[in-house]
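Visitor: Could you give me a close look at the charged side-chain pairs here, and then follow the chain from them into whatever lies around? Take your time over it.

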Amino acid sequence: MVAVTTLAVVGIRVREFKPGRSIVKMAYFGGVGIRKLSDVCIPAFLSSAFGVFRCIKSLFPLYSDAAEICHVRDALTSWYTSSQTTHPPAHPEFQKQWDVIFSQKILDTLLSSFTSEQDIARLLALQESESGAWVHALPSPHIGTLIDSTSFKIAIALRLGCKFCQPHQCICGGIADIYGYHALGCARSKGCIPRHTSLNDIIKRSLTSCGIPSLLEPPGISRADGKRPDGLTLIPWSRGKSLIWDSTCVDTLAPSHLPNTSRHAASAAELAVKKKVNKYAHLLDNYIFVPFAVETFGPWSHDAKVLVSQIGQILISITGDRRCTTYLRQRLSIAIQRGNAMSVLGTLPESSPLDELFLL
């Protein structure tokens, strides 16, 4: 029997290992992409071992039938026990194949252990890929994707369900809870208007990059109650009709939404879409209407996903950069997180800083 050391396996496999892809992908399971070493080491070792096994046989042709890599059996036993499966993945040379199975097991365990509807709704919402788009964004102040330290801490705490503030009286008169959930649905939330403005600005600028001029809050167009849509393209979008859109961000954990969001992700956003369509019913014959509905914990409605994908495809055809859609999703996701942070900070009592000490 021929034994190959672990060091040799890792050394040969290092070019194809690419651990970052697997680790970053795990952010879509509700985390932030930071893994425990104990969770990653076995999938990394097994994918490396299976990936180089063909090479091992070619190095030792006389012993190809008896070739065996050290500790593989022990690693397989440990993985079968922890993942509660009896078969290896279809493509064992890829770390992602091992890691996804194990991560899905952790996710199922968490969902079955939660008793609070808020925790279940939060974790379901975070499974949507758009919910974790901001985690993958390049933090650059030059392109507007840098989240300040305080907002970043709040965004991470909300995502992980951490206790990050003391109970205090909100400006609305209610009590802000230790998780910050009250702020997201507060009637006097200070983050709603900036978030709404930011979402519409990103959509308008992306359309401009596509060569499609648009106008925010266009005059002369209104729904039955007299309110105007958020935006209008000045040239036809499709089928000879201009596009009008109206964006909204609803609270995932609002008491009225919890019965649905604790069962299905993005259900609050889809409900908002139906309400928007009813309000703009008399404009549907002359315009293409897209309700751009998102939720505080990140999920988007189907219509919002389709619109962003369509804009992304146009940008790709113009720039040739296939990452345009990803960048656009990240900008929109960051806008939601910044709005959440502003909402949380807006519940705190106002006080004057010591600026005069630094202006001497």
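Guide: Let's start with Asp-225, which is partly exposed, with a relative accessibility of 47%. Keep in mind that this is a predicted model. The salt-bridge partner of Asp-225 is Arg-223, and their closest N and O atoms are 2.7 Å apart. Arg-223 counts as buried at 8%, so this bridge joins a buried residue to a partly exposed one. Shared partners also tie salt bridges together elsewhere, and Glu-128, Glu-130 and Lys-305 end up in one network.

Take one link of that network. The side chains of Lys-305 and Glu-128 meet at 3.0 Å, N to O. The pair links distant parts of the chain, 177 residues apart: Lys-305 sits in helix H12, while Glu-128 is in the loop between H6 and helix H7 (149-160). Lys-305 is partly exposed at 26%. Glu-128, at 19%, counts as buried because the cut-off is under 20%.

Now compare a pair inside one helix. Arg-122 bridges to Asp-119, with 3.6 Å between the closest N and O atoms. Both belong to helix H6 (residues 117-125) and are three residues apart, about one turn of the helix. That spacing fits a general rule: an α-helix has 3.6 residues a turn, so residues three or four places apart point the same way. Arg-122 is buried, with a relative accessible area of 6%, whereas Asp-119 is partly exposed at 22%. Over the whole model, the salt-bridge count comes to eight.

Lys-305 brought us to helix H12, so let's stay there and turn to the nonpolar side of things. The largest nonpolar core has 25 residues, and Trp-237, Phe-292, Ile-311 and Leu-332 have the most contacts inside it. Two or more residues each come from helix H9 (192-209), E7, E8, H12 and helix H13 (324-346). H12 gives the most, with six residues. For a feel of the packing, pick Phe-292: leaving aside residues up to four places away in sequence, the residues touching Phe-292 include Ile-203, Ala-304, Leu-307, Val-308 and Leu-332. Asp-246, Ser-247 and Thr-248 are also among the contacts of Phe-292.

E7 and E8 lead us on to the sheet. Four strands make an open sheet, ordered E5-E6-E7-E8, with mixed pairing. Strand E5 (214-216) and E8 are the edges; each has a single partner strand, so one side of each has no neighbour in the sheet. On average, and ignoring direction, neighbouring strands are turned by 20° against each other. Further in, strand E6 (residues 231-233) pairs with E7 in the antiparallel sense over two bridges. Leu-232 stands opposite Ile-244 in E7.

One more helix completes the tour. H11 lies across E7 and E8, running at about 150° to E8. The length of H11 checks out: at 1.5 Å a residue, its 13 residues (267-279) should span 18 Å, and the end C-alpha atoms are 19 Å apart, which agrees. The buried residues of H11 are Ser-267, Ala-268, Ala-269, Ala-272, Val-273 and Lys-276. Their cover includes strand E7 (243-250) and strand E8 (288-295), along with helix H10 (258-261) and helix H12 (302-319). That brings us back to H12, the helix that carries Lys-305.

Definitions and conventions:
Residues numbered from 1 in each chain as written. Predicted model: local features only at pLDDT ≥ 70, side-chain atom pairs only at ≥ 80, totals over all residues. Heavy atoms only, no water. Expected span 1.5 Å × (residues − 1). Buried < 20%, exposed > 50% of the residue type's maximum accessible area, 1.4 Å probe, protein only. Contact = heavy atoms within 4.5 Å. Pairing = 2+ DSSP bridges. Axes fitted to C-alpha atoms, helices over the stretch in contact; angles between N-to-C directions. Salt bridge = Lys/Arg side-chain N within 4 Å of Asp/Glu carboxyl O. Core = buried A, V, L, I, M, F, W, Y, C linked by side-chain atoms within 4.5 Å.
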